[in-house]
Amino acid sequence: MQPHPRILLAFSCALVCSFGARAQTLLPSSPLPLTSLAEFKSPGANWQLAGGIAGDPRREKAIVPIPGSGVLINNPTDSAKSALTTTWEHGDVELDLDFLLPPGSNSGVYLMGRYELQLADSWGVKVPTFADCGGIYQRWDDARGKDKEGFEGIAPRANASRAPGLWQHLRIEFQAPRFDAAGVKTSNARFVKVTLNDFVIHENVEVNGPTRGAAFPTENPRGPLLIQGDHGAIAFRNIASKRFDPEARVAVENLSYKYYPGELRVVGEYDNTAPARQGTPESFAAEAIDRTGRFAVVFAGALVVPRDGAYLFNAEATEPVRLLVDGQVAIAPLEQGGVSNVMTLKQGSHPFRLDYLHPTARAPALRLTAEGPGIAVHGLTENRARRPGNAPQLLVQPEDRIRLQRSFVPYEPKKRLYAISVGTPAGAHYSYDFETGAILRVWRGNFLDAFEMWEGRGEPQLAKPAGPALTLTAKPTIALLERATSEWPDAAEPLWSSNGYTLESDGQPTFAAKLATLDITDRVAPTADGRGLTRTINLKGTNTSWQTMVLLAEAPTITAQPDGLSFIVGDRDYYIDLPADSAVRPFVRNRGDHQQLVVPVTAAGITKPIIYTLLW
């Protein structure tokens, strides 16, 4: 029987890809062992391994190593400043790494030894260029003439870099240039996606040739990873990669389908009934059968895998999906999509069955992807998703005064319903929870994307940070503890009530609240340079018989600096600084697997404000 005319034969069994359609892989990366320098060619004396970092990389330009392994450190000198080059080469690659820069430092990662992604201390730069952290460095040609030698550099979308001395995370998804059998280039190298500190700074960016300082003047299908070593100190850790064969794909053979109409919600409940239609299409149906119908469709056939190893199939759908391979569950059905299981498969053909249930009236949507050993994620169905860069936005910007936006605020595991986001012309922004008095998140750059407040009926009512954000604890800022060793509450105190906020002439808010017999004001304002936020908490009234404490930070580790006024929060995630004339002295409270930086409120302390600055 031939397929029904309404079947959209669009599940391409080859990669229906375009560069922009590639999804992030889910199989684990291969870590680069930093127990020795054996993975690198003739490393210079400027490179060494360490177990950690000592000293003060927030202020000192050299990085002080702690004996051990796991951290790669570069401290260049006039006589030792060589680049570091891997012994292995790559083409298409996904690369993850953490890096740390002291003040004013500069380095870069060259994909294939040719295409540089800049690493630099760009903290606080308002308008980044290609030379700032995350920029794709410019190309260079002396023949272009004086002051025209540099060209084609690409700035990051936003300055997502953190303060000196903090660990930062970089993720690069890179596609190597393509060449025909005669060695003629058929497509350029491409940065498919670059994420710095969880913020996308590049998508689908072509590079027409090697950037300035490349190790090789010509292009090839493969090349080594190269790290610049002559511009400044830098540290690396957690380097991991996935290197792909661009030709390797999972194929589909002997495809057939069966279509069952009706509001079917349980996988397999239709197996003992005759299908309304069936056939042998040339490819999957991406929008199966009726656009508004209720149905189940079952595809069967064989998946042909090119090599032995671990494979993972993933379904993106709004309805239940189940995939069986060799009779084993590769995707277990959920109400929306399914849960993927890693499978070990031998090279060759493997029978499969794919069930897609569509019990609702909304338009059907399904995308199925595959990945495997040295095989990048690729679609087994046509990708009809919106291309990167085309996602609509509704930006709210505080150009001339401070802006306040009430909305639901996204925060895992649930959105915050009684919250507000505050944006400042200085460029430092935050979201504040009225229920707990907590600063939920801080960020710099663009302020808010309010599109989900207005799309359709605006059902999510979410306003999302439009710049690179740092998420903080949502626990109540001020708590009443029965004993000094009591657990900090996760939810708002029963005796807590928010009293809204007052506004200064420029729109600067001061939040007000009451906790038992204490009246509280809370002012959060940008520092003069816009790099951080200074918080001033005033408490008036009388303490209860329980201990009143103020929570400044919570993290697995909090490290006090020698002056007792500065603290490194987390694994060098951000800083808390108190002024030199601070009337209070915080202390670090150990609570199982985490620590809390707290200020106990004494009767004398009620008359003095608690002031600290958050820098990231």
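**Cavities**

I began with enclosed spaces in this predicted model, and my search of the whole structure turned up five cavities of 30 Å³ or more. I noted a volume of about 120 Å³ for the largest cavity. I then looked at its walls: 13 residues line the largest cavity, and Ile-439, Thr-473, Arg-535, Leu-551 and Leu-552 lie nearest its centre. Strand S34 (438–444), strand S43 (547–555) and S49 are the elements that give two or more residues to this lining. S43 gives the most, with three residues. Sorted by class, the lining of the largest cavity has nine nonpolar, two polar and two charged residues.

I moved on to the second largest cavity, which has a volume of about 90 Å³. It is lined by 14 residues, and the closest to its centre are Tyr-432, Gly-437, Trp-496, Ala-513 and Asp-522. Two or more lining residues come from each of S39, strand S40 (509–515), strand S41 (518–526) and strand S42 (532–541). Which strand gives the most to this lining? I found S40 in that role, with three residues. The class count for the second largest cavity is nine nonpolar, three polar and two charged residues.

**The sheet of eight strands**

Several of these strand names came up again when I looked at a sheet. It is an open sheet of eight strands in the order S39-S40-S41-S42-S49-S46-S45-S44, with antiparallel pairing. Strand S39 (496–503) and strand S44 (558–560) stand at the edges with a single partner strand each, so one side of each has no neighbour in the sheet. On average, neighbouring strands here are turned by 20° against each other, direction ignored.

I zoomed in on one pairing in this sheet. Strand S46 (residues 574–577) pairs with strand S49 (residues 610–615) in the antiparallel sense over three bridges. Across from Tyr-575 I found Leu-615 in S49.

**A pocket**

Next I checked an open space, the second largest pocket, which holds about 390 Å³. Its lining has 23 residues, with Lys-126, Gly-427, Arg-444, Gly-445 and Asn-446 nearest the centre. By class I noted eight nonpolar, nine polar and six charged residues in this lining.

**Strand S28**

Is strand S28 (residues 366–372) mostly covered or uncovered? I found it mostly covered, with seven of its seven residues buried. In a regular strand, side chains alternate between the two faces of the sheet, so I looked at each side in turn. Leu-366, Leu-368, Ala-370 and Gly-372 are on one side, Arg-367, Thr-369 and Glu-371 are on the other, and all of them are buried.

Then I looked up the partners of S28. Strand S22 (residues 309–317) pairs with S28 in the antiparallel sense over six bridges, and Phe-313 has Ala-370 as its bridge partner in S28. S28 also pairs with strand S29 (residues 375–379), again in the antiparallel sense, over three bridges. Here Thr-369 has Gly-379 in S29 as its bridge partner. S28 and S29 form a hairpin with two residues between them, and Gly-374 in the turn has a positive phi of about 70°.

**Aromatic pairs**

I counted 13 aromatic pairs in the structure. One of them, Phe-130 with Tyr-137, is edge-to-face, at 5.2 Å centre to centre and 80° between the planes. How covered are the two residues? Phe-130 is partly exposed, with a relative accessible area of 22%, whereas Tyr-137 is buried at 19%. The cut-off for buried is under 20%, so the two residues get separate labels.

Another pair, Tyr-257 with Phe-299, is tilted, at 6.4 Å centre to centre and 40° between the planes. This pair links distant parts of the chain: Tyr-257 is in strand S18 (residues 251–261) and Phe-299 in strand S21 (residues 295–305), 42 residues apart. Both Tyr-257 and Phe-299 are buried.

I also found a cluster in which ring pairs link Tyr-432, Phe-434, Tyr-501 and Phe-511. Tyr-432 was already in my notes, as one of the residues closest to the centre of the second largest cavity.

**A glycine in a loop**

My last stop was Gly-104, in the loop between strand S6 (92–100) and strand S7 (106–111). Is Gly-104 buried or exposed? Its relative accessibility is 58%, so Gly-104 counts as exposed. I also checked Gly-104 against Asp-121: these residues are 17 apart along the chain, and their C-alpha atoms are separated by 5.3 Å.

Conventions: Residues numbered from 1 in each chain as written. Heavy atoms only, no water. Pairing = 2+ DSSP bridges. Helix = DSSP H or I, 4+ residues; strand = E, 2+ residues; numbered from the N terminus. Axes fitted to C-alpha atoms, helices over the stretch in contact; angles between N-to-C directions. 1 Å grid on protein atoms, 1.4 Å probe; cavity = no way out; pocket = protein on both sides within 12 Å on 5 of 7 lines; lining within 4 Å. Points joined across faces, edges and corners; volume = space filled by probe spheres on them. Nonpolar A, V, L, I, M, F, W, Y, C, P; charged D, E, K, R; others polar. Buried < 20%, exposed > 50% of the residue type's maximum accessible area, 1.4 Å probe, protein only. Phe/Tyr/Trp six-rings, centres within 6.5 Å; stacked < 30°, edge-to-face > 60°.
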